Amino acid sequence: MQQESARMYAYAISFDTIKVYLSKNYYNGISSKFYLKDLETSEHELLHGDTAGEEDGYNTYLFHTSFKIGKSYRVSDAYGLTCFLDFSRLPLCKEFDDHFYYDGDDLGPAYTPYATSFKVWAPTATSVIVKLKHYDDIKLYEMKRLDKGVFALRIFKDLENYEYTYFIGNNDQVIESCDPYAYASTSNQRSSIIVDLNKIRKKTYDLPPLEHKTDAVIYELHVRNFSVDSYGNLRHKGKFLAFAEEGNKTMMNEKSGVDYLEDLGVTHIQLMPINDYATVDEDHPYELYNWGYDPAQYNVTEGSYVTIPNDGYRRIQECRDMIDAIHKHGMRVIPDVVYNHMHDIFDNALAKTVPHYFFRTDENGYLTNGTWCGNDMNSTAKMCRKYILDMCKRWQTLYGVDGYRMDLMGILDVETVNAIEEQGRSIDPSFMLYGEGWNMGTLPIEEKAIIENNGKMPQVGFFNDFFRDTMRGNNQMEIKGYTSGDTYKTNEAIFAMCDYNKFSSIEQSINYVECHDNATVYDKFVVCNRDEGEDYIRRRCDLALVMTLLSQGVPFLHAGEEFYDTKKGNANSYNAGDEVNQFDWGRRDQNMKTVHLVKDLIRLRKENKCFRYYDFEDMRNHISINNINHRMIEYILTQDEGSYHEFRIYVNPSLDNIGISIEDSFKILQKADHEEIQNGYMNVAPCSFVIAAR
């Protein structure tokens, strides 16, 4: 069989066309006749067509004929050489979606104590078999092919906690796959698990509606990082359940765990990927470390975060308990989703069930690589878009998440991203969707979900790289930004604080200077401000916090940014381990002064709408920003309600004292140095800020 297949291949490349490859080492690749045999009826058909050229040592032939997708056929030449007709390349043709798009909401397993139904979309398969495993008992059941390429089976038996996989057949080639719509799996995706969703405990907490996205304060965390540091005294180290612990204190008797997050005042916890990812062994989770941007399964949770990863119920329940606990403490949850690529295109259920469909290819049929990860999700394909939407809906309805942060969102298309947002908001009016709108995808520019196309996605937020690069400097460690002392960027910083032109809505701007990617602000300033000393480096970090939390838009903080977190200079610590990446509770305790500054800034933002304008016209009528001496920013805000009607905020990243006229009626709320208002005058110290109000 291997010898035959090496000499001749036959592919259905459209719904009425077969392409045959005949090796030039076999009769010079020439045959006068080719036949198509239906293996079910044994009928033979003489194929009519012509040679199509040469490819990689093969002569190729094109034949137009009729055949039924999913049946088994053999192609033979004039000398009796045969091969199966392979349907795996059909997804590359434009008409595939028209023939096989399935709009049902019943893919995957549907359990009851009396029967379980299975449905899997595998239109190019010639057969699908369910393998059921319960302890040492293994049984195989053939599924029936229905319309639209769906295979279905119903087994009248209580299958709770049974493991299962699919054998996807393409003639004599069979591959074993998990279910892309399963709810749970064993460790390291060896098999899917059948669970009773009615047994999942769900707690609901009434959170105040998010009236405008500018009311949000987002805080990014990694599940494992949050609890592994022993100083934090969290019991479930590296697990979902660490977030469900209450009353924890550090060795210095300061709050830790979810109590600390609530006390900080943030509104949304953005969790780095919590779906199943590939590069941590779930049975031995502390042998390797990873952030999780290497998805293996979108449909189940990451097993290394679960106390018993082979327990299908725990994989769901412990994640749900984490989200419920965060809700209980008044915060919403936004998971980071990686719908732009998968870790291994040859080892995931999507590619196994329908080869060549879920991943984007170029005009020659080769995988595109806009992600720089080896593959790109094919979001414009209808069933790929449906799968992304179905998974987003599941995470909202089963787990209770409140929005999504989309990694490399620019790989996806505008229509898909808008559909995710509309679906999410229809389930929950407080839903938030935002992501990385970098222009690095493989779609036509007008289709990409990138910052430049933000007007086509008015409800979607984007990480504001202009804000980041202006305030802290770009990702080159030596390059300064405004807060690190490049006062030539004063006017750019003004635009970053109130950008009238970059976005179609203020609510689209996610303002940040630090996230999991690249160096922390502190580590960067240690390099680019190394001649100034530790005190000034920390003061500059405070300036960056002030600019992030009080600018117009949606503020975003990376965990630890509030206490000068360091990754020891590592600018890409995705696999650097716990020592580098862990949330350092001891360092937090040593820097409570800055933690309290962040708490006060968040409270100030929440209590005063002038920091949270969502309408450009309203913002123009109530805000003005001035460049003082080409160094210092004077940020003037007014509002029609609240304890204060006017704020004046001064940010001076220069090494000069700068005097300013300001009425004695203003009261200083926050300052970095010893500033005072006397006789209508105030001196703002070098590398300092002042927040005054009346």
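How many bridges join strand 26 to strand 27, and in which sense do the two strands run? In this predicted model, two bridges link strand 26 (residues 461-463) with strand 27 (residues 509-511), and the strands run parallel. Across this pairing, F463 of strand 26 faces I510 in strand 27.

These two strands belong to a wider arrangement, a closed barrel of eight strands. Going round the barrel, the strand order is 19-20-23-24-25-26-27-28, with parallel pairing. From one strand to the next, the twist averages 30°.

Strand 25 (residues 432-435) is a good place to look at the barrel in detail. On one side of strand 25 are M432 and Y434, on the other L433 and G435, and all of these residues are buried, leaving both faces covered. Strand 25 pairs with strand 24 (residues 403-406) through four bridges, the two running parallel. Within that pairing, Y404 has L433 as its bridge partner. The path from strand 24 through helix 8 (residues 414-427) to strand 25 makes a right-handed β-α-β unit. Strand 25 also runs parallel to strand 26, to which it is joined by two bridges. Here G435 stands opposite F462 of strand 26. Strand 25 thus offers buried residues on both faces, with L433 as the bridge partner of Y404 and G435 placed opposite F462.

A second sheet has another form. This open sheet is built of eight strands in the order 4-3-7-8-1-2-6-5, and its pairing is mixed. At its edges stand strand 4 (44-46) and strand 5 (49-55); each has a single partner strand, so one side of each is left without a neighbour in the sheet. With direction ignored, neighbouring strands in the open sheet are turned by 25° against each other on average. One of its pairings is that of strand 3 (residues 34-38) with strand 7 (residues 73-77), which is antiparallel and spans five bridges. F34 is matched in strand 7 by its bridge partner, D77.

Another antiparallel pair is formed by strand 29 (residues 623-628) and strand 30 (residues 632-638), over six bridges. The two make a hairpin with three residues between them, and in the turn N629 has a positive phi of about 60°. I628 has its bridge partner in strand 30, namely M632.

The hairpin strands reappear in the surroundings of helix 10 (residues 490-497). In this helix, T490, A493, I494, A496 and M497 are buried. Viewed down the axis of helix 10, the buried residues fall within an arc of 160°, so they line one face of the helix. Their cover includes strand 29 and strand 30, together with helix 9 (465-472) and helix 12 (534-550).

Turning to the interior, the largest nonpolar core holds 172 residues. The members touching the most other members are L85, W121, Y219, L221, M322, Y339 and Y635. Helix 7 (residues 382-399) supplies the largest share of this core, with 10 residues. Apart from it lies another core, of 19 residues, which includes V120, V130, I155 and Y162.

What does L221 contact, once its neighbours within four places in sequence are left aside? Its partners are F226, F243, L261, I269, Q270, L271, M272, A559 and F583.

How values were computed:
Residues are numbered from 1 along each chain as its sequence is written. This is a predicted model: local features need pLDDT of at least 70, side-chain atom pairs count only at pLDDT 80 or more; totals for chains, interfaces and linings use all residues. Side-chain values use heavy atoms; hydrogens and water are left out. A nonpolar core is a set of buried Ala, Val, Leu, Ile, Met, Phe, Trp, Tyr and Cys residues joined through side-chain atoms within 4.5 Å. Buried means under 20% relative accessible area, exposed over 50%, partly exposed in between (1.4 Å probe, protein chains only). Contact means heavy atoms within 4.5 Å. Two strands pair if DSSP finds at least two bridges between them. Axes are lines fitted to C-alpha atoms, for helices over the stretch in contact, and angles run from 0 to 180 degrees between N-to-C directions. A crossover is right-handed if, with the strands pointing away from the viewer, the path from the first strand over the helix to the second runs clockwise. The arc is that of the directions from the helix axis to the C-beta atoms.
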